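Subject: A structure to look through

Dear colleague,

Here is the structure I said I would pass on to you. Please open it beside this message and follow along as you read.

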Amino acid sequence: MKVQIGLLLLIGILVLTSVSCGPAATPEPTPTPEVHKGKAIVTTRCVGCHEIGRVQNAKYDRDGWQMTIDRMVLTGAQLTDEQKELVVDYLALTYPKE
């Protein structure tokens, strides 16, 4: 009788622990940082005429970047209005005036 009670207790404990543990939770994947659309434009359009270091070393506020991009378009850079906005946004966020 004591053996049967002990066995029932052991089975009960095993059942409770297996139910409470359940499968291991799958961790949420680490989100990939979103790449700003302006970065690709800078990489393909600006770096064709300027080394990336020149862009990285120029630290302007948003207005300064806007004037720079407007000047580049006047001298031949082929950018749509939408591309200009993306480039200015990217540069102002990535290389702000210090």
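**Overall layout**

The secondary structure of the chain comes to five helices and zero strands, and the order of elements from the N terminus is accordingly α-α-α-α-α. Please keep in mind throughout that this is a predicted model. Of the 98 residues in the chain, 20% count as buried. If you look at contacts between residues at least 6 apart in sequence, 67% of them join residues that are at least 24 apart.

**The nonpolar core**

Which residues have the most contacts inside the largest nonpolar core? That core has 14 residues, and the ones with the most contacts within it are Val42, Val55, Trp65, Ile69, Val87, Leu91 and Tyr95. Helix H2, which covers residues 37-46, supplies at least two residues of this core, and so do H4 and H5. H5 gives the most to the core, with five residues.

Val87 is a good residue to select on your screen: once its neighbours within four places in sequence are left aside, Val87 is in contact with Gly38, Ile41, Val42 and Ile69. Val42 also turns up beside Ile52, a residue of helix H3, for Ile52 is in contact with Val42 and Val47 when its neighbours within four places are again left aside. Ile52 and Val42 are ten residues apart in sequence, and their C-alpha atoms are 8.7 Å apart in space. Ile52 itself counts as partly exposed, at 35% relative accessibility.

**Helix H4 and its two sides**

Helix H4 runs over residues 62-74. It has 13 residues and reaches 18 Å from its first C-alpha to its last, which is close to the 18 Å expected at 1.5 Å a residue.

Which residues of H4 are buried? They are Gly64, Trp65, Thr68 and Ile69, and because they cover an arc of only 130 degrees around the axis, they sit on the same side of H4. It may help to recall that an α-helix has 3.6 residues a turn, so residues three or four places apart point the same way. On the other side of H4, Asp63, Met67 and Leu74 are exposed. What covers the buried residues of H4 includes helix H3, residues 52-57, together with H5.

Thr68 deserves a separate look, since at 13% relative accessibility it counts as buried. The side chain of Thr68 reaches the backbone oxygen of Gly64 at 2.8 Å. Just after H4, you will find that Gly76 takes a positive phi of about 125 degrees.

**Salt bridges between H4 and H5**

How many salt bridges does the structure hold? There are four salt bridges, and I describe some of them here. As general background, side chains of opposite charge can pair when their charged atoms come close.

Arg62 forms a salt bridge with Glu85, where the closest N and O atoms are 3.0 Å apart. Because Arg62 lies in helix H4 and Glu85 in helix H5, which covers residues 81-94, this pair ties together parts that are 23 residues apart in sequence. Arg62 also forms a salt bridge with Asp89, with the closest N and O atoms 2.6 Å apart. This second pair likewise links distant parts of the chain, with Arg62 in helix H4 and Asp89 in helix H5, 27 residues apart.

Are these partners buried or partly exposed? Arg62 is partly exposed, with a relative accessible area of 36%, Glu85 is partly exposed at 37%, and Asp89 counts as partly exposed at 28%.

The side chains of Asp70 and Lys84 meet in a further salt bridge, at 3.9 Å from N to O. Asp70 lies in helix H4 and Lys84 in helix H5, so this pair ties together parts that are 14 residues apart in sequence. Here the two partners fall into separate classes, for Asp70 is partly exposed, with a relative accessible area of 31%, whereas Lys84 counts as buried at 16%. Salt bridges that share partners join Arg62, Glu85 and Asp89 into one network.

With best wishes

Conventions:
Residues are numbered from 1 along each chain as its sequence is written. This is a predicted model: local features need pLDDT of at least 70, side-chain atom pairs count only at pLDDT 80 or more; totals for chains, interfaces and linings use all residues. Side-chain values use heavy atoms; hydrogens and water are left out. Helices (H or I, at least four residues) and strands (E, at least two) are DSSP runs, numbered from the N terminus. Buried means under 20% relative accessible area, exposed over 50%, partly exposed in between (1.4 Å probe, protein chains only). The expected span of a helix is 1.5 Å times one less than its number of residues. The arc is that of the directions from the helix axis to the C-beta atoms. Contact means heavy atoms within 4.5 Å. A polar contact is a pair of N or O atoms within 3.5 Å; within protein, one must be able to donate a hydrogen and the other to accept it, and residues adjacent in sequence count only if both atoms are side-chain atoms. A nonpolar core is a set of buried Ala, Val, Leu, Ile, Met, Phe, Trp, Tyr and Cys residues joined through side-chain atoms within 4.5 Å.
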